[in-house]
Amino acid sequence: MKVNKPKQVKGPAKSLKWKDVRGKRCRPPVSSSELNSSPVMARLAKEHQASVKKKPTVKRLKNKAKPVSEMKNNIPQTAIKPSHTEANGGSASMEFTMDNESNDSQDWKEYSKSIQVNGVETAGDLEYVSTSRLEGESLHCCAERDDRQNHAVLVMQKHQTLCFRGKCLLTCLYGRVEVMGFTIEEGQQSYPLFSPASHCPLTIRALEGSDQGRDDRTEASTVLRKYLQPGSRKKLLKRITSNSSIILLEPMETPLTRFLSSFTDLSELFNPPVMELMSAVLDTPLNGLGMVPLGPAIEGLQMSKSYKDALNMVVGACRGDMDGCAVILVCGTKNVGKSSFIRNLINNLLNHTASVDYLEGDLGQTEFTPAGCLSLSTVRGPLLGPPFTHQCTPEHMIYYGHSSYETDLERYMESLKSLWRRRPRTRETPVIINTAGWVKGFGFQLLVDMIRFFPVSHVIQLGHGGVTQCPALTPEFLRTAHGSQTHPPAETALAEFTESHSPPRSYTHLVVQSEFSGVGRQGTARHQRSNEHRELSLLAYLSQLQSPDPGPVRPLHSLTPYQVPHTAVALGVLHCEVVPGHMMYAANGSLVGLCCLGEKVSSRGGAVLLSQTPICPCVGFGVLRGIDMARGLYFLLTPVDPSVLRKVNCLLLGAISLPSCVLTSQPGIEGEMPYVTTDYSFDLTGAGKLRIFKGLTRPSQMGAL
C-alpha cells in the first residue's frame, strides 16, 4: 500500500528565516471538542458552571462558551485580576489611551493597568521579564469565538502568556508571539501546536511588535474583518495597542491524533492529567477548539538563568563569525530536561538560520524516530510538541535495535561514526548532538570518546541540585580523561572527520542547572514514563499507515500487506542470539527495521538468515504480520514508499516491541486474538531472553573507573 506523504523541498533558502506564506487551509469543521467527549471533563465543566452560576458578570450557555460579544457591556473591575508576578529588575504598568466615546473606555483603562510591562526586549536574546497569565475572565475579554467558521481570535499584550493543554493550529495575524523559543510573526504559515498530558504544557507568549509606528487600529480592523462578526470585532478592537499580538486558533485533527484517540488508554491524551484538573480554566471561548487553558498553579517550561544564558551564548556564537560550523554536544543524566533544552535550542536557531542538523545518540528517547535508532536529520521547521508529534524519516538512520547501548558499546560508537561520515563536510549548518542519560561508568567514558571523535565547539552539561551528577567535561578535564576507546593524549577530533575544516583546539563548556519541579525523577503520572513515551513514538510512526483524508481509523489487521519472498531479503536479530530454527517464530508479529545491506542477498531456495549483526542504513520500519512457510513469503505492513522499498534487502528484528494496545485492540476479531495469550509463565527455564554483554570489562573488575 502506497502512502502519500508531503515531501520537504530541499534547496537554498530565499532568506535566513522562512517566510513561506500558506493560503488558508481547508479543514472540515469540528462539531464538538475532545474536551466535551470526556466524561470526567464534562462533569468538571458542569460543576464549574454551577459554581459561577450566581455571578452576573458573564452569561453562559450549558454546552459551550458564549462569544464575548454577547456578554454584558459593563465588566466590573473585580472581574479582571492584575498579575502579581514579580519581575527581575522591577516592573511598571502602562496605561493606554482609548477612545472617549467607547462604552468600555473606563473598563479598558482598569484592564490595561493589570498588564505587567518590564524591560526592553532585544532580538535574539531571552529576557528576564515579568509575564502575566491569561486565564478566567481575562480570556473572555481578549478572545472571541466564531462558531460558523469554528475558530477563535485571541488578542494578547506584550509578555502575556497562555499555558494550555490540547492541540490547535496557530496563525499569527498581527504582531509576534513565541512558542518554545520559536518566533511566529504575521504573514507566516500556520503552525500546529501539541500540548499533551505526557509532557510539559506549551506556553504561547506575546512579544513586542517589530514596528512601533504602524496604525494598529486600522490594520487590526482589516485583519479581524476576515475572521469575526461585527460585534465580536468591535469588542477586540478596543484591546488593540501598539504592543498587541493577534493570533488565530483553529481546531486540528490529523491522522496521528485520530489514530491515537482510537485506543482507549490514549483517548484522554490531549486533556489535562488528573493533577491539573483543578487548575484547568473551563468555559472559555477556546475550550471548544480542543484547548484547555491552565491557571497559574500549573507552570509551563521552567528556564533557569543558566538555561537562558546557555541558549543565548550558543545562538550568539552561531550567528557570529565562527570557523566552520558550530557542533553542540548536549549531555546530562536522566530526567534533567535534555530533550526539552534541545528542542528549545533548535527553535531558537531556526529564528536565524534555515536549518539545523541533528545527530541522535539517545536510543531510549529519540526525537524523530521510534526508539532504538541512531540517526542524522536536517531540521527545517520548528518543534512545537513532544517527539511523537513530529516523527519523520531522517536523511540517514541506523537501527541499533535496543533502547540502551550497554550490551554492545563498540557497535554503538561505530554506528555514530558511520552517520557522521555521511554528513557533507562542506555544510556549515549548526549541528546538535544528543546523548544518552548514562553518565557513569562506561556511559561517561563514551561521552569522553564522543567529544574527541567529533569536532565539538560547545559542550552543554545539564545537571540539577547544584551539581552535574558526573565530572565536569571541561577541556582541562579531557586532557587527562580516559575514554572507552580513546586515551590521553588525544586530539580534539579524528582527522577523518576534519579534512575540509579545522576544528577548534578547545571548546566552550557550559553548565545548565535545571530547576523545574520533579527534576531528576521520572514522571509517575499516566503517559509520563519513558516506556510510554517510546510507545507513543512508535504509534505515531504507525499512524502514517492511515489515510490523510478524514474518516474512521482502520485497524492494522485490516490493511493489505506487502508480500515479500524469503529469498529476496535476509533476516537477522540484533539484540540477542536466536538459533536459526527459531528465528521465524521470533520475528512473526514483530516490528522489523527495513535495511539495505551493501552486498547482494543470495539464496539457494530457502530463507536467508544472518549470523552476524550488520551496521547498515535503515529506511524505515514495518510490522511482520505473518509468515507463510509453504509459499516462502513474508507479509509486511509499512508506510515506506514502494520506490524506497525496492532497495531493502534486509529485515532486522530488535528489542523494540509493538505496543500491547496494537495487539489487544483489534476490533472485529472473533475467537482467539492473534499474537495474544494469557497462558504464559516466565518461571519456566528459557521463557525469557538471554542477555549477553558485549562491552568491556566492568570498572570494578579493572580496579579503576
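A disulfide is a pair of cysteine sulfur atoms within 2.5 Å, and by this rule the count here comes to zero. The structure is a predicted model, in which local features need pLDDT of at least 70 and side-chain atom pairs count only at pLDDT 80 or more, while totals for chains, interfaces and linings use all residues. Residues are numbered from 1 along each chain as its sequence is written, and side-chain values use heavy atoms, with hydrogens and water left out.

**Cysteines**
- The sulfur of C141 lies 5.9 Å from the closest cysteine sulfur, that of C142, which is too far for a bond.
- C141 counts as buried at 3% relative accessibility, where buried means under 20% relative accessible area, exposed over 50% and partly exposed in between, with a 1.4 Å probe and protein chains only.
- For C331 the closest cysteine sulfur is in C470, 6.3 Å away and too far for a bond, and C331 is buried at 1% relative accessibility.

**Helix α5**
- In α5 (residues 216-225), a helix being a DSSP run of H or I with at least four residues and a strand a run of E with at least two, both numbered from the N terminus, the buried residues are D216, A220, S221, V223 and L224.
- These residues lie on the same side of α5, because they cover an arc of only 165° around the axis, taken from the directions from the helix axis to the C-beta atoms.
- The buried residues of α5 pack against β5 (151-156), β6 (160-174), α6 (230-237) and β11 (245-250), contact meaning heavy atoms within 4.5 Å.

**Helix α8**
- Among the buried residues of α8 are Y307, K308 and N312, and what covers the buried residues includes β13 (327-332) and α9 (338-350).
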